[in-house]
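Let us walk through this structure step by step. We start with an open space and then follow one strand.

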Amino acid sequence: EQGVNKGTWAEVQKIAERPHPVLHMEFKGKEHPFAFSHYYANLIPNEDYSKAKIGFEVRLADLSLKGGQFMVLCRLKNAGGFALIRIAAENIEYRENGVEKKLPYDARNGFHAFRLEVDSQTKTFSLYNDSNNKVLIKKAKITASSNSSNFLQVGDGSNQVFGAVDLSYFGYTFE
C-alpha cells in the first residue's frame with residue numbers, strides 16, 4: 001500500500017506536454033514501508049538472457065533536489081551482477097564495478113528519453129540519450145552481485161532516490 005500522507009504514491013495523470021497519460025510518482029516517504037516504491041518487471045528468474053534493452057522517458061518533477069529521483073536497476077543471471085543508474089537534475093549517477101560515479105547531465109528541462117543496454121557476455125552496460133542516439137555511458141563494467149536471478153526494478157529503490165517524476169513511457173526487451 002502506498003500513502004499520500006506518508007509521501008510515497010503514484011497516479012496516472014493527463015498533462016499538456018504529452019498526448020498520452022503519464023505515471024506521476026512521488027518518492028518522498030521517510031518512514032518504512034513508505035520510504036520505498038519499487039516497480040518490477042515480470043522476468044523468468046532463471047532464463048539465460050544474454051542482453052537487455054530498457055527504454056524510458058522521464059521528467060523530474062522536483063528540481064530543487066540535487067540527488068537521484070528515478071532509478072533503473074537491471075540484473076542478468078549470466079552477467080553475475082547488475083547495472084544501476086539514477087537520473088538527477090544535474091547528473092546521471094551510476095555504479096561502475098561497485099564504484100559510485102556521476103556523469104554531468106542537465107535533466108532539469110522537460111522530458112528526457114534514455115535507453116539502457118546490458119550485455120551479460122561482456123559484463124557491461126551502456127546508456128544512450130534515446131532522442132539523438134548519443135552515447136552517455138559506454139561499456140561500463142557491471143557491479144558484481146552474489147544474487148544470480150534476472151531482475152529489473154525501476155522507480156525508487158533505495159534511500160539514495162528521493163523526489164518526484166513523471167514517467168512518459170517504459171519498455172524493455174530481453175534476448
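Begin with the walls of the largest pocket in this predicted model. Four strands each give at least two residues to its lining: β4 (51–60), β9 (112–119), β10 (124–129) and β11 (134–141). The pocket holds about 190 Å³ of space. Its lining counts 13 residues. Nearest the centre lie Glu117, Asp119, Ser126, Tyr128 and Lys139. Sorted by class, the lining has six charged, five nonpolar and two polar residues.

Which strand supplies the largest share of the lining? The strand is β10, with four residues. Now look at β10 itself. Thr124, Ser126 and Tyr128 point one way from this strand. Phe125, Leu127 and Asn129 point the other way. All of them are buried. Buried here means under 20% relative accessible area. Six of the six residues of β10 are buried, so the strand is largely enclosed by the rest of the structure.

Next, turn to the neighbours of β10. β9 and β10 run antiparallel, joined by six bridges. In one pairing, leucine 116 has leucine 127 of β10 as its bridge partner. The two strands form a hairpin with four residues between them. There, lysine 123 takes a positive phi near 55°.

β11 also runs antiparallel to β10, and five bridges join the two. Tyrosine 128 stands opposite valine 135 in β11. This pair of strands makes a hairpin too, with four residues between them. In its turn, asparagine 133 has a positive phi of about 60°.

Note on methods:
Residues numbered from 1 in each chain as written. Predicted model: local features only at pLDDT ≥ 70, side-chain atom pairs only at ≥ 80, totals over all residues. Heavy atoms only, no water. 1 Å grid on protein atoms, 1.4 Å probe; cavity = no way out; pocket = protein on both sides within 12 Å on 5 of 7 lines; lining within 4 Å. Points joined across faces, edges and corners; volume = space filled by probe spheres on them. Nonpolar A, V, L, I, M, F, W, Y, C, P; charged D, E, K, R; others polar. Buried < 20%, exposed > 50% of the residue type's maximum accessible area, 1.4 Å probe, protein only. Pairing = 2+ DSSP bridges.
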